[in-house]
Amino acid sequence: MIVAERKSIPEMVDILQSYKKILVLGCGTCVTVCLAGGEREVSIISSALRIAVRMKGLELKIDELTIERQCDNIFIEQAAEAIHNADAVLSLGCGAGVQAIAERYPDKPVYAGLNTKFLGILEERGVWTEKCSACGSCVLNEYGGICPVTRCAKRMLNGPCGGSREDRCEARPDLPCAWQLIFKRLKDIGQLDRLEKITMPKDWSSSLSGGSRKIIREDHRI
Amino acid sequence: MTENGFEPIIVAFCCHYCAYSAADLAGSMRLQYPPNIRIIRTPCTGRLEVEYFMRAFENGADGVIVAGCEEGSCHFKEGNYNAKRRVNYARQLLSESGLEIERLRMANVSAANGRGFTEIIKDIVETVRKLGPSPLHHEKKQIKQEILP
């Protein structure tokens, strides 16, 4: 799931204060689950914005809408009327959602209300952790299902680095050492011999360093 | 009535199992407390969401108090802890929006503590009276008559 976090209210007011009518547009998928941009957050953030603009003596009408998915044209259509009626859109979707809306409505200013953080999971109530960097060529099979690219601060493919203390990362003591986790996991599933193999440097061209990525499935194209 | 005629309106979200009963008890004991509060009974303070507090301010409240059970004695085990966290988050949002956070607070009071309830109400009314009217509403409609069911 994509995990995001809201921007501060003063930051949003700064962006929006020149408009008369805006639409706060939520997304019902990932950002709803990470409590950043779903229907409830749209309501709370709109309310806080209304209070903030009134405190500044500004006139700003704020409409609220949440669609199922901002990164899908079929769902974006459902917001067409509301977007048309607004001077600008404050999207509470992830970065993909904001760009999808902006591409679909070229003459409408679209702003991001969230900071998109990472691909992660819900660790416990109110805690999300990063698990995947979307590097484009997955190495999880080699490391017992624990990603050294994301979870090792040094991104080491032939770890451990030797700097960890107990089972904690040298760079960030609040993080568990990914290589400690990999070792334990491979031991538990009887695949410790995988660590005897030296892994060659990773081809990062499939990652972001090769520019933004695209997938084409000819069998699904019309 | 104060010199400038400002009487704050305080919305009090009261838990059915404690603060609401305490308010009832205060009434039975004939204890006096300021009539500035508008009590809303809730099944548990854990039922309250952040937007309830925000909307109360948007719609003209000068202050909001959330009164739940004593910590550790919630009827639903942890509802008042949830409420406490939500009140704290709402306070953060209010602070970001420029409104004084003292206008919103959480209190804990047991059903047997009628006197404690009146003290809590007196305290929030005094705090908000000192802060002055909510800057969100310059003009308020005066309620001329109570609407009876």
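This report describes two chains of a predicted model, starting with chain B and moving on to its contact with chain A.

Residues are numbered from 1 along each chain as its sequence is written, while chains are lettered from A and ligands numbered from 1 in the order in which they are written. Because the model is predicted, local features need pLDDT of at least 70 and side-chain atom pairs count only at pLDDT 80 or more, whereas totals for chains, interfaces and linings use all residues.

**Chain B as a whole**

Chain B contains 4 helices and 4 strands. Helices (H or I, at least four residues) and strands (E, at least two) are DSSP runs, numbered from the N terminus. Along the sequence, the order in chain B is β-α-β-α-β-α-β-α. Of the 149 residues in chain B, 44% are buried. A residue is buried if 20 or more other C-beta atoms lie within 10 Å of its own, exposed if 12 or fewer, and partly exposed in between, with C-beta atoms placed from the backbone. Among contacts in chain B between residues at least 6 apart in sequence, 80% join residues at least 24 apart; two residues are in contact if their C-beta atoms, placed from the backbone, lie within 7 Å.

**Helices 2 and 3 of chain B**

Helix 3 of chain B covers residues 79–97, which is 19 residues. From first C-alpha to last it reaches 27 Å, close to the 27 Å expected at 1.5 Å a residue; the expected span is 1.5 Å times one less than the number of residues. Its buried residues include B:Ala83, B:Val87, B:Leu93 and B:Leu94, and also B:Arg86 and B:Arg91. The buried residues are on the same side of helix 3 of chain B because they cover an arc of only 165° around the axis, the arc being that of the directions from the helix axis to the C-beta atoms. Their cover includes helix 1 (9–16) and helix 3 (39–55) of chain A, and helix 2 (50–58), strand 3 (63–68) and strand 4 (104–108) of chain B.

In helix 2 of chain B, the buried residues are B:Val50, B:Glu51, B:Phe53, B:Met54, B:Ala56 and B:Phe57. These pack against helix 3 of chain A, and against strand 1 (10–15), strand 3, helix 3 and strand 4 of chain B.

Three glycines have a positive phi, as listed here.

| Residue | Place | Phi |
|---|---|---|
| B:Gly60 | just after helix 2 of chain B | about 115° |
| B:Gly98 | just after helix 3 of chain B | about 100° |
| A:Gly126 | turn between strands 6 and 7 of chain A | about 80° |

B:Gly98 lies in the loop between helix 3 and strand 4 of chain B. With 18 other C-beta atoms within 10 Å, B:Gly98 is partly exposed. Leaving aside neighbours within four places in sequence, B:Gly98 is in contact with A:Ala52 and A:Met55.

**Where the chains meet**

In total, 12 residues of chain A are in contact with 13 residues of chain B. Helix 3 of chain A gives the most to the side of chain A that touches chain B, with 9 residues. By class, that side has 7 nonpolar, 3 polar and 2 charged residues. Ala, Val, Leu, Ile, Met, Phe, Trp, Tyr, Cys and Pro count as nonpolar, Asp, Glu, Lys and Arg as charged, and the others, Gly among them, as polar.

Note on methods: Two strands pair if DSSP finds at least two bridges between them.
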